[in-house]
Structure formats: structure tokens, C-alpha cells
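Please find my comments on the model below, set out as numbered points for your consideration.

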Amino acid sequence: MPNKKQDTTIILILGGMNMIGPFTTDMYLPAFSAIANGLHTTVHVVGYSLSSYFAGICLGQLMHGPLVDRFGRKKPLLIFLGLYIISTLACSQAASVEGLIVYRFFQALAASCGMVVSRAVVRDLFPADKIAKVFSMLILVMGVAPIIAPTVGGYVVAGWGWKAVFWTLAAIGAVVLLLVFLILPESRGADKTVSLRPAAIFSRYRLVFSHPQFKPFAFATAMNTGGLFAYIAGSSFVYMQLLGVSEKQFGWVFGFNAVCFITGSQINRLLLRFSKSYLIAARMVIFQLAVSLFLILLVANGWMTVATLMATTGMYAVCLGVIGPNTMALTLHPFVNNAGVASSSLGSLQMGAGAVSAGLVSYFSSGTALPMAAVMAVATGLGLVSLHVGLKTYREKP
């Protein structure tokens with residue numbers, strides 16, 4: 001276990017590494033209209049590039065889990081950070097929306113390695129009873145990205161066009177690659193006993209998924225993510241098209257929700273001093289469902305304004321920040337030897353839920369905010385059910 005100084009360094013690096021994900025999703029949100037105009041399509045079709053990104057993240061994490069258990073954490077990460085830079089530059093050269101959708105998929109395959117490695121490193125280095133707190137601290141660091149990414153994206157689009165968003169992302173990827181290469185320690189080296197034969201890989205995934213604690217808590221975590229990305233997928237259209245918010249203003253509005261998300265994660269750190277992870281998550285998800293149902297009422301009754309939407313989604317984001325670290329900790333707690341596979345399985349489920357949620361918001365587009373609000377509520381309700389199913393199994397343990 002690292003000392004406090006090493007803790008801080010590792011968390012900062014992992015947080016910076018994780019910033020690539022929210023930067024890649026959030027920074028180009030203010031560019032949706034510009035991309036649609038530049039590629040001669042509609043904003044809703046551009047939204048499928050977000051879905052393809054989530055699909056790539058989902059599949060990529062399944063691929064990276066066995067790799068980082070076999071070859072160590074650091075080497076695969078460096079390789080795929082390089083591939084991230086290449087695919088990001090390819091996005092900037094897309095001549096059609098179909099090309100952008102494909103390039104975003106490969107961009108996600110590369111970016112997903114960092115997500116797997118960060119969770120695996122936390123499980124490698126920190127004791128089980130500290131994992132939820134470390135995840136909350138990690139959210140504090142990586143949470144800077146959702147605050148500034150849409151704002152930066154808005155100014156970049158306004159000043160240099162939508163292609164410059166991807167040039168900026170490629171530069172960020174290059175900086176992260178350099179920091180990982182120079183500073184990040186190897187938390188677990190290569191293990192030649194880990195087989196990459198398909199049968200062996202399948203056996204390890206089956207071992208993880210068969211654990212009674214994994215499925216319900218992982219699905220609850222995934223539904224938490226699904227609610228988040230339903231909002232991400234719909235927020236650009238709702239704020240900019242329905243409520244008349246400008247590209248620059250949208251960055252600040254979106255940043256407010258990120259502040260709420262970070263606030264939730266830090267509230268969780270305080271709550272963990274007085275309560276257990278499973279109790280905090282179980283109570284907060286009930287409140288989250290009430291907030292999401294109230295959002296539907298706002299939309300259905302025509303009460304939605306910029307202020308009411310920000311307030312309601314802000315409360316929802318606070319809930320996300322409290323619930324996520326706890327359900328992740330509950331999911332990964334049993335896994336020591338298969339931390340990489342468990343991390344990739346969890347991440348795949350999370351991003352799979354994100355892809356489905358974002359796709360549903362686009363598919364059921366009705367010119368209103370109702371698809372976004374409804375998907376957020378459904379995801380939260382499913383997460384509530386799954387969490388409480390998991391708690392029954394968890395409480396049976398001695």
C-alpha cells in the first residue's frame with residue numbers, strides 16, 4: 001500500500017488519465033450543431049456518434065481486462081493512448097457523419113484502456129475498506145474535466161470550428177501519455193500464468209460474472225451510468241435547441257452539473273465516516289428516483305426553464321456522485337486476482353448502459369425533453385431494483 005504522498009500522486013495521475021473519457025464525450029457536445037452543418041446532417045444523427053463511442057468503450061473494456069492482467073497495467077495503457085491520439089486525429093478529418101461514427105468507435109476502443117487500468121490500479125494498491133473513499137477522491141480529480149470540457153469546447157468551436165475540438169483532444173491525449181510514461185508506477189507486472197486463449201479468457205469472465213456479489217451491484221452501477229449518459233445525450237438538444245442556450249452558455253450550464261457531481265462524491269466521503277457503502281447507496285438511489293420522476297413532471301407540465309432544469313438535473317448529479325463510488329466498491333470488493341477482468345466487466349456494463357441510454361434518447365426523439373427525462377427515470381428505477389437484490393445477497397454474508 002502506498003504512503004500518503006504516493007497516494008496523492010497516484011490519484012492525480014489516475015484522475016488525469018480518466019479525464020480523457022469525459023473530455024472526449026463532453027468537449028464535443030457544444031459542437032453538435034456545427035458538426036451537423038459541416039457534415040450536412042441533423043443533430044440527432046450526430047448523436048449516434050456518441051452512441052458509437054459508448055459501444056466502443058463497452059467492447060474495448062472487455063478486450064483490455066485480460067490484456068492488463070497478462071502484460072501488466074502500464075505497457076498496454078501506453079500503446080492504446082497512442083492509438084487514441086491517432087483515431088482522434090482521424091475524427092477531425094471525417095468527411096461524413098458515417099465516418100465520424102466509425103472513427104469515434106475506434107477512439108473509444110483505445111480510450112477504454114485507461115478506464116480499466118485506473119480501476120485495476122485502485123484495487124491493486126488500496127485495501128478493500130478504502131476503495132470507496134479512493135473512488136470518491138478520484139472523482140474529485142477527474143471531475144474537473146466535465147466542468148471545463150464543454151466550456152472549452154464551446155469556445156474552441158466558436159473560434160476555430162468543430163475539427164479543432166478533436167485537435168485539442170489529441171493534444172490532451174499526448175500530454176497524458178507523457179505523464180503516464182514518466183510518472184505512473186507499475187502496480188502489477190506481467191503475469192505469464194494468465195492465458196490469452198479464448199477459452200481461458202471466457203473462463204475468467206465467467207468466474208467474475210458468476211460471483212453473487214458482482215452481477216447485481218455491477219448492474220446497479222451500470223444503471224447509474226446509464227442515467228448520466230441519457231442526460232449527456234439529450235442535454236445539448238434540450239438546452240440549445242429548446243431553451244435557446246448558446247454554445248458558450250451551454251458549457252457553463254453543463255459545468256454546473258459536473259460541479260454537482262463532484263459535490264456528491266465529496267459528500268460521500270463524509271458519509272463514509274458514519275455509515276457503510278451499501279447503506280448510503282441504498283438510501284440515495286431512492287431519492288434519485290424521486291428527483292428523476294420530478295423531472296418528468298417538469299417536462300410534461302411545461303414547467304421546464306433553464307433554471308428549473310439546472311436545479312433538478314443538479315440534484316440528480318449529486319445523487320450520481322454519491323451512488324457511483326459505493327456501488328463500484330461493492331462490485332470490485334471480492335476480486336483480488338482478477339481485478340483487471342472484474343474492472344473491465346464493470347466498465348463494459350457501464351458503457352453498454354451508456355450506449356443504450358444515449359441510443360434510446362436519440363431513437364425516441366420527439367422534439368421535447370421527455371425522451372431524456374424518461375430514460376433517466378427508467379435507468380434509476382432499474383438501478384434501485386438491482387441494488388436491493390444485491391443487498392439481500394450481501395447481507396447474508398458472515
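The points that follow concern cysteines, one helix and one surface patch.

1. On the basis of the note: this is a predicted model, in which local features need pLDDT of at least 70 and side-chain atom pairs count only at pLDDT 80 or more, while totals for chains, interfaces and linings use all residues. Residues are numbered from 1 along each chain as its sequence is written, and side-chain values use heavy atoms, with hydrogens and water left out.

2. On the cysteines: the structure holds 0 disulfides, a disulfide being a pair of cysteine sulfur atoms within 2.5 Å. For C91 the closest cysteine sulfur, in C113, lies 18 Å away, which is too far for a bond. C319 is likewise in no disulfide, the nearest cysteine sulfur, that of C260, being 10 Å away. C91 counts as buried because its relative accessibility is 0%, and C319 counts as buried at 0% as well; here buried means under 20% relative accessible area, exposed over 50%, and partly exposed in between, with a 1.4 Å probe and protein chains only.

3. On helix α6 (residues 97-125): its 29 residues should span 42 Å at 1.5 Å a residue, and its end C-alpha atoms are 42 Å apart, which agrees; the expected span is 1.5 Å times one less than the number of residues. Helices are DSSP runs (H or I, at least four residues), numbered from the N terminus. α6 nevertheless bends by about 25 degrees at A110, the bend being the angle between axes fitted to the seven residues ending there and the seven starting there. Of the 29 residues of α6, 21 are buried, so the helix is largely enclosed by the rest of the structure.

4. On exposure: V175, in helix α9 (residues 163-182), is partly exposed, with a relative accessible area of 47%.

Conventions: Helix = DSSP H or I, 4+ residues; strand = E, 2+ residues; numbered from the N terminus.
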